[in-house]
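Student: I would like a close look at a single part of this protein, and then at what surrounds that part. Please take it step by step.

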Amino acid sequence: MKKHLTFILLLLSSLTFSCKHNQQDAQEQFRKRQEAIQERTPENSSAETTPSQSASPDTLLPAPATMEAAPAAKPSTAAGDKVVGVKDGDTIVLLQNGQQVTVRLYGVDTPEKTQDFGQRAKQFTSDLAFGKFVRLIPKNKDRYGRTVGTIILPDGRSLNEELVRNGFAWHYKAYSTDKKLADLETDARRFKRGLWQSPNPTPPWDYRKDKRSSGAAKAVANANAPVPAGATKRTVYLCSSSGATVYYFKKDCPGLRRCKQDVIAVTESEAIRTYNRHADKTCGQ
């Protein structure tokens, strides 16, 4: 019995020693493999990291399939000059560097305000441009000192072309050879847009010429108009509004109080011959 017990103890002791020895061998082999890896790796490798070490799982995933690409940036048209006034269909006022600049649209001529479609042309220009930032492409200056040029609207269209396209302006051939404006007028005529609804509309340049001629004739007639005795010395008052037709002998007459323009004092003969006025009968001498 003792022999068997002794044998068992020796066997267990042998197994324990063998396990320890095997464990030491395994540790020694692992240490050698680590040294071999370090010898093959550059010295600065510790400062570098692989994607699997540095990047989080989220950064390695592709973008979700449902994500939409950002739309391409649209060219900005906000830069430019603000339209602060519309004098008529083909003349606007821009605010440039704090200064107001009058611009006459190049290559187009809209009806005068007292012509058919004159007010509608002005309203068309106002609807497209007033209060908006536009781009001016200057061409030259006219005899009145106005800048002549093309106005590019915020959406990229040409105001000059839109007026002709929609039948609110003629192509001003006396000052422009622009083929596109000529073609746009042809189309507007064909489809009877705007002013072309009339069978024979009067071009604004002819209208102005007739008006100047009649004005000159009227001025000659006025220069020879009879005046009352003492008219060259008597002071009268009149409203400078273009629509006014009378003069007043007293500055406090009700008609002058309603005047929205300047009240000026002239001799009675000037009021008759220069301003083509007649005496007001509601406010006596």
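Student: Which element gives the most to the lining of the largest pocket?

Tutor: The model is a predicted one. In it, helix H7, residues 204-223, gives the most to the lining of the largest pocket, namely three residues. The pocket has a volume of about 650 Å³. Its lining is made up of 23 residues, and those nearest the centre are Arg-104, Tyr-144, Arg-146, Tyr-172 and Tyr-175. Besides H7, the elements that give two or more residues to this lining are strand S3 (99-105), strand S4 and strand S5 (133-141). Sorted by class, the lining holds eleven charged, eight nonpolar and four polar residues.

Strand S4, one of the elements just named, covers residues 108-109, and Thr-110 lies in the loop between S4 and helix H4 (118-129). Thr-110 counts as buried because its relative accessibility is 1%, and the cut-off for buried is under 20%. Setting aside neighbours within four places in sequence, Thr-110 is in contact with Gly-89, Asp-90, Ala-121, Leu-163, Phe-168, Ala-169 and Pro-204.

One of those contacts, Leu-163, leads to the largest nonpolar core. This core has 28 residues, and Leu-163 is among those with the most contacts inside it, together with Val-83, Ile-92, Leu-94, Val-103, Ile-151 and Leu-159. At least two residues of the core come from each of strand S1 (81-88), strand S2 (91-96), S3, H4, S5, helix H5 (159-165) and helix H6 (179-190). H4 supplies the largest share, four residues. Elements S3 and S5 therefore turn up twice, once in the lining of the pocket and once in this core.

Ile-151 can serve as an example from inside the core. Not counting residues up to four places away in sequence, Ile-151 touches a list of residues including Ile-92, Leu-94, Val-103, Leu-105, Val-134, Leu-136 and Leu-159. Apart from this core lies another, of eight residues, among them Val-236, Val-266, Ala-271 and Ile-272.

Next come the disulfides. A disulfide is a covalent bond between the sulfur atoms of two cysteines. The structure holds two of them. In one, Cys-239 and Cys-259 have their sulfur atoms 2.0 Å apart. Cys-239 lies in strand S8 (residues 235-239) and Cys-259 in the loop between helix H8 (254-257) and strand S10 (263-267), so this pair ties together parts 20 residues apart in sequence. The link is right-handed, with 70° about the S-S bond, and both cysteines are buried.

The other disulfide joins Cys-253 to Cys-283, with 1.9 Å from S to S. Cys-253 is in the loop between strand S9 (246-247) and H8, while Cys-283 is in the segment after strand S11 (278-279), so the pair ties together parts 30 residues apart in sequence. The link of Cys-253 and Cys-283 is left-handed, with -80° about the S-S bond. Cys-253 counts as buried at 0% relative accessibility, and Cys-283 is buried at 11%. Counting bonded cysteines along the chain, the pattern is 1-3, 2-4.

Strand S9 also holds Val-246, which is buried with a relative accessible area of 15%. Leaving out residues up to four places away in sequence, Val-246 touches Leu-238, Arg-277, His-278 and Asp-280. Val-246 and Lys-281 are 35 residues apart in sequence, but 9.0 Å apart in space from C-alpha to C-alpha.

Methods: Residues are numbered from 1 along each chain as its sequence is written. This is a predicted model: local features need pLDDT of at least 70, side-chain atom pairs count only at pLDDT 80 or more; totals for chains, interfaces and linings use all residues. Side-chain values use heavy atoms; hydrogens and water are left out. Buried means under 20% relative accessible area, exposed over 50%, partly exposed in between (1.4 Å probe, protein chains only). Contact means heavy atoms within 4.5 Å. A disulfide is a pair of cysteine sulfur atoms within 2.5 Å. On a 1 Å grid over the protein atoms alone, a cavity is a set of points where a 1.4 Å probe fits but cannot get out, and a pocket is an open set with protein on both sides within 12 Å along at least five of seven lines; lining residues have an atom within 4 Å of a point. Grid points are joined across faces, edges and corners, and a volume is the space filled by probe spheres set on the points. Ala, Val, Leu, Ile, Met, Phe, Trp, Tyr, Cys and Pro count as nonpolar, Asp, Glu, Lys and Arg as charged, and the others, Gly among them, as polar. A nonpolar core is a set of buried Ala, Val, Leu, Ile, Met, Phe, Trp, Tyr and Cys residues joined through side-chain atoms within 4.5 Å.
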